Every structure is written in C-alpha cells, then in structure tokens.
Amino acid sequence: MHPFDIKTVLFAKHAQHVVLIHFPIALFIIGVLFDFLAQWKKQRVLAAAAYYNLLVAAIATVPVVVTGILAWQWELEGQKLKGILLMHLVMGCLSTVLIWVVCFIHTRTRRKQQEVLPGYRLPIEAVAVVIVALTGHLGGFLSGVNGPG
Amino acid sequence: MRRSVSIAGLAAALVLGIGVWDTGQKGSVTSAQEKMSTMEVKIDNFSFGPVALTVPVGTTITWTNRDDIPHTVVSTDDPKTFKSKVLDTDDKFSFTFSKAGTYPYFCSIHPKMTGKVIVQ
C-alpha cells in the first residue's frame, strides 16, 4: 500500500465516510433541538446557536457525500446497488437535501433580517431528523455498529 | 468340453468382477478428487470462516454470504486476482485457484474483514 495513494488514504482500513458522517448528524440534530428551544423560549441566542449548528451541519455533508460516492465508485466499481446499500444511498441523498433546505430557510431569514423564522420549517426539521436518523441507522447496520457484528 | 466351458465361464466372471471392482475404485477416486477440488468459505457475523484456507492447485473456492449484511470478496493484490460483486444474503461467489501462492483477501465494504487462501 502506498501511503500517498488517495484510495488508500480514503478507504483501506480507514473508511473515512463512516468517520465523517458523525459530524453532520450530530450538528444537525443539535441545531434542530436549539431551534425548537428557541421557538419555545423565544430566545435569540438559542436561535443563533441553531443557525450556526445547522450551517456547519450543511457544510459537513459535502465531504460525507463525496466520500460516500467515491466509496461506491472505487470500492464497488460503481455497480448497480440494491437492498440496504441502495436504501442507504437514496436516504443519504434525501437527508442531504433536507439539511440544506433547513439551512437555506434559516440563512434566507437572517439575510432578509426578518425577526421571525417561518413556522413551516419546524415540521420540515422534524421530518429531516427522522430521515437522518434512519439513514444513520442503515449506515450503522451496514458498517456493523447496529448489526449483529 | 463341459469342463472347458466352465473354465471359460469362470474366467469371464473373474474378468467381469475385476472390471466392476476397477470401475468402482476409479469412481471412488474421482469423487474424492471432486470433493478435494471444491471448498466453501462462509461469510457470517462480519467474518470469513475459515479465515485461512490451505488448498491444492486447481481448487475452486465458493464464498457464501450467510450474513444479513452485504459483503464483497476482493483480493488485496493489484491488479486484483479476484473480485466479487456485492453479495447479498445467500449470494455466492466462486474462484478457481490455478497457481500456487498466498492470496490474502478482504471485504471492501468492511475492510477489517480479512481472509487468506494458501494454494500449494
């Protein structure tokens, strides 16, 4: 194995995708939690905390998606996926889109300097948390964390 | 005359008996060789079983995924000597080892899952 070979660095016995994925999951869930608390307590500081968590969560999805797709293309040679792998891919893409939509809603409100965030974001955030959790569960099952191994 | 017919009959029976015994022997040797030429590795609970396998040249090894999780069987050399597709539950992958050597392999979805085939 060559230590500077990109495939070796990214995959062989490292599997960066399974490491990086924890950042957007944690940041997004905490961001949503802060947002719900901000809505309930009517506190700007909590809303600000929610915004920054959601922003970094959205940014953190980029390397996760890249390493996931590279793993599929390089390690599995881009073969047609089925079963749990396909479900994980689809739900991962859906999770990424939802995280970016939530981030976009918060960013747009701040840019327009509006005081109140739109109420429809809350059900979107709730659904997104469920989808992210399910995707993470499938990923954990695939990697053996949530499975019999 | 009757005696020569009896001897001829006895000789024929003996030849036939030897033929049948010989065929039986060949059959048992062939089935033993067939048994030797195919072996199975089970994939279960995130491991290959047996982890290391020593086989003669010409042996075909079949990997069967008995796990709930998809796995692959990929040799670690470059270029790859063998590489399976993603094996779902109960899917199989076979490869015939025609050259002596040591063939380490792993699951590309779970790189910590490793195994080895030693061909002698």
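Trainee: Which residue of chain A forms a salt bridge with Asp88(B), and how far apart are the closest N and O atoms?

Mentor: In this predicted model, the partner of Asp88(B) is Lys82(A), with 3.8 Å between the closest N and O atoms. That distance qualifies because the cut-off for a salt bridge is 4 Å. Between chain B and chain A, the count of salt bridges is two. On the side of chain B that touches chain A, six residues are charged, four are polar and seven are nonpolar.

Trainee: How many residue pairs are in polar contact between chain B and chain A?

Mentor: Three such pairs are counted, both residues being at pLDDT 80 or more.

Trainee: How should the size of the interface be read, and how much area do chain B and chain A bury between them?

Mentor: Interface size is often expressed as the accessible area lost when the parts come together. Here chain B and chain A bury about 1,300 Å², of which 62% lies on carbon and sulfur atoms. The contact involves 17 residues of chain B and 16 residues of chain A.

Trainee: Which elements of chain B have the lowest and the highest mean pLDDT?

Mentor: Predicted coordinates should not be read in detail where pLDDT is low. Among the elements of chain B, helix H1 (residues 2-37) has the lowest mean pLDDT, 51, and strand S4 (residues 59-65) the highest, 97. In residues 16-20 of chain B the pLDDT is below 50, and this stretch makes zero contacts beyond near neighbours in sequence. Residues 22-34 of chain B also have pLDDT below 50, again with zero contacts beyond near neighbours in sequence. For chain B as a whole, the mean pLDDT is 81, and 70% of its residues reach 70 or more.

Trainee: What ipTM and pTM does the model score?

Mentor: The ipTM is 0.70 and the pTM is 0.75.

Methods: Residues are numbered from 1 along each chain as its sequence is written. Chains are lettered from A and ligands numbered from 1 in the order in which they are written. This is a predicted model: local features need pLDDT of at least 70, side-chain atom pairs count only at pLDDT 80 or more; totals for chains, interfaces and linings use all residues. Side-chain values use heavy atoms; hydrogens and water are left out. Contact means heavy atoms within 4.5 Å. Buried area is the accessible area (1.4 Å probe) that two parts lose on being put together, summed over both. A salt bridge is a side-chain nitrogen of Lys or Arg within 4 Å of a carboxyl oxygen of Asp or Glu. A polar contact is a pair of N or O atoms within 3.5 Å; within protein, one must be able to donate a hydrogen and the other to accept it, and residues adjacent in sequence count only if both atoms are side-chain atoms. Ala, Val, Leu, Ile, Met, Phe, Trp, Tyr, Cys and Pro count as nonpolar, Asp, Glu, Lys and Arg as charged, and the others, Gly among them, as polar. pLDDT is the predictor's confidence in each residue, from 0 to 100. Helices (H or I, at least four residues) and strands (E, at least two) are DSSP runs, numbered from the N terminus.
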